[in-house]
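Here is a short, friendly briefing to read alongside the structure. Take a moment to look over the views below before going through the notes.

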Amino acid sequence: MDAALRSIHVHAYRIPTETSESDGTLEWSATTMVLCEVEAGGKTGLGWTYCDVSAALLIEQTLAPLLEGRDGMAIGARWDNMIRATRNLGRPGIVSCAVSAVDNALHDLRGKLLNAPLADLLGRRRDSVPVYGSGGFTSYDDRQLAEQAGGWAAEGLPAVKIKIGRDPADDPRRMRVAKEAMGDGCALFIDANGALSRKQATAMAEEAATLGATWFEEPVSSDDLEGLRLIRDAGPPGVEITAGEYGYDEVYFRRMCEGGAVDVLQADATRAAGITGFMEAAATAQAFGLPLSSHTAPALHLHACCAAPNLRHMEWFFDHVRVERMFFDGAPEPHAGHIAPDLSRPGLGLDFRRQDAERYRVWPKEGG
Ligand SMILES: [Mg+2]
């Protein structure tokens with residue numbers, strides 16, 4: 001098989017959100033996708049990250065020249081090439097996001113070269129994965145919050161996550177609005193994005209438990225491992241403490257698990273140096289006896305989540321679901337609260353609708 005990497009191209013797209021959005025600690029009005037395409041043996045693999053457009057420059061000028069001409073099937077070796085070459089740039093953040101886009105594209109390419117779905121190549125454990133709805137932005141009014149949460153519950157999603165922490169005094173009321181719209185068959189998840197102090201978070205966990213919440217994500221900063229552990233140990237037993245979305249490398253996940261900081265580890269293949277890094281995070285969670293849940297980007301995570309050990313569920317994140325539906329033929333849709341890969345399609349099972357994406361392109365700035 002000719003698997004020499006002939007070309008590595010990168011494009012970035014900035015897609016405005018439907019309305020301006022916010023959580024406990026951030027406001028935004030657009031989503032930027034950095035999409036990498038790698039070509040070998042007449043096949044093109046695609047992978048992406050949600051990141052700043054600067055990741056595109058890093059891929060184009062630093063990662064692509066490093067990999068061109070090398071064996072695209074040796075994904076581990078290519079991953080090592082990229083990690084070594086970026087040592088002095090600092091691993092977390094943009095570097096790991098850029099590596100993620102390339103690594104994800106290499107995984108998709110491998111599936112296409114072998115004409116096999118990626119789930120099978122990673123060692124498929126399950127044919128479908130539950131997804132929980134994720135949105136409930138603090139920028140929503142009560143009508144928007146109830147419509148979204150109630151809509152996902154009506155579609156059969158087993159849980160819905162809302163953002164809290166912007167106005168902690170008002171959060172119990174917002175939780176009630178969402179829970180009433182969802183009804184009894186759907187669990188309430190909350191995510192403070194690190195907005196709360198330890199004392200506030202402890203009180204919020206108690207309040208959330210009375211409303212039937214079962215998941216409390218980043219009650220305090222995910223860098224405060226001791227704080228997470230204290231809230232986990234002191235809090236109501238029905239409310240799981242979760243974090244991991246800022247895991248960019250394997251040591252981060254090990255420290256979070258070693259610290260006893262979480263009941264469920266989260267990981268994101270658009271940040272953690274790709275599907276390669278995501279599967280390592282899954283193995284770490286397994287070694288510590290913890291379930292894993294994927295963070296954002298459901299179309300990208302689906303095959304890896306069919307193979308990951310101890311997988312609890314996937315995040316059906318509103319912004320990324322919207323972009324992935326716009327950009328990819330073959331993007332998954334939930335049925336009875338689950339998404340499933342089409343195993344008749346190779347790789348990630350996605351076809352990029354370039355024409356539809358073109359009007360959002362921000363990189364390259366000219367041509368394309
Ligand atoms: Mg979160």
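## Briefing

The largest pocket holds about 700 Å³ of space. Of the 33 residues lining this pocket, Leu26, Trp28, Tyr50, Arg271 and His320 are the closest to its centre. Please keep in mind that this is a predicted model. The notes below start with the pocket, then turn to the metal site, the salt bridges and a cavity.

**The largest pocket**

- Both domains contribute here: domain 1 (7-115 + 354-363) and domain 2 (120-339) each provide at least three residues of the pocket lining.
- At least two lining residues come from each of strand 2 (27-40), helix 3 (94-114), strand 5 (159-163), strand 11 (311-317) and helix 12 (318-327).
- Strand 2 is the top contributor to the pocket lining, giving five residues.
- By residue class, the pocket lining has 13 charged, 11 nonpolar and nine polar residues.

**The magnesium site**

- Three protein residues act as donors to the magnesium ion, namely Asp191 (OD), Glu217 (OE) and Glu245 (OE), at 2.0 to 2.3 Å from the ion.
- Along the chain, the spacing of these donors reads D-x25-E-x27-E.
- Asp191 sits in strand 6 (residues 187-191), while Glu245 sits in the loop between strand 8 (240-243) and helix 9 (250-258), so to speak bridging distant parts of the chain 54 residues apart.
- Asp191 and Glu245 are both buried, and Glu217 is buried with a relative accessible area of 0%.

**Salt bridges around the metal donors**

- The whole structure contains 28 salt bridges.
- Two of the magnesium donors, Asp191 and Glu217, belong to a salt-bridge network that also links Lys161, Lys163 and Glu315.
- Within this network, Glu217 pairs with Lys161 at 2.7 Å, N to O. Glu217 is in strand 7 (residues 213-217) and Lys161 is in strand 5, so this salt bridge ties together parts that are 56 residues apart in sequence.
- Lys161 also counts as buried, at 1% relative accessibility.
- Lys163 makes a salt bridge with Asp191, with 3.0 Å between the closest N and O atoms. Because Lys163 lies in strand 5 and Asp191 in strand 6, the pair ties together parts that are 28 residues apart in sequence.
- Lys163 and Asp191 are both buried.

**A long-range salt bridge**

- Elsewhere, the side chains of Glu37 and Arg354 form a salt bridge at 2.6 Å, N to O.
- This pair links distant parts of the chain, with Glu37 in strand 2 and Arg354 in helix 13 (residues 354-357), 317 residues apart.
- Is each partner buried or partly exposed? Glu37 is buried, with a relative accessible area of 9%, whereas Arg354 is partly exposed at 38%.

**The cavity**

- There is one cavity of 30 Å³ or more, and the largest cavity holds about 30 Å³ of space.
- The residues lining this cavity are Pro298, Ala299, Trp316, Val321, Glu324, Arg325, Ala331 and Pro332.
- Helix 11 (298-307) and helix 12 are the elements that give two or more residues to the cavity lining.
- Helix 12 gives the most to the cavity lining, with three residues.
- The cavity lining is made up of six nonpolar and two charged residues, with no polar ones.

Definitions and conventions
Residues numbered from 1 in each chain as written. Predicted model: local features only at pLDDT ≥ 70, side-chain atom pairs only at ≥ 80, totals over all residues. Heavy atoms only, no water. Donors = N, O, S within 2.8 Å, 3.2 Å for Na, K, Ca; no water. Helix = DSSP H or I, 4+ residues; strand = E, 2+ residues; numbered from the N terminus. Buried < 20%, exposed > 50% of the residue type's maximum accessible area, 1.4 Å probe, protein only. 1 Å grid on protein atoms, 1.4 Å probe; cavity = no way out; pocket = protein on both sides within 12 Å on 5 of 7 lines; lining within 4 Å. Points joined across faces, edges and corners; volume = space filled by probe spheres on them. Nonpolar A, V, L, I, M, F, W, Y, C, P; charged D, E, K, R; others polar. Domains from an automatic or database assignment. Salt bridge = Lys/Arg side-chain N within 4 Å of Asp/Glu carboxyl O.
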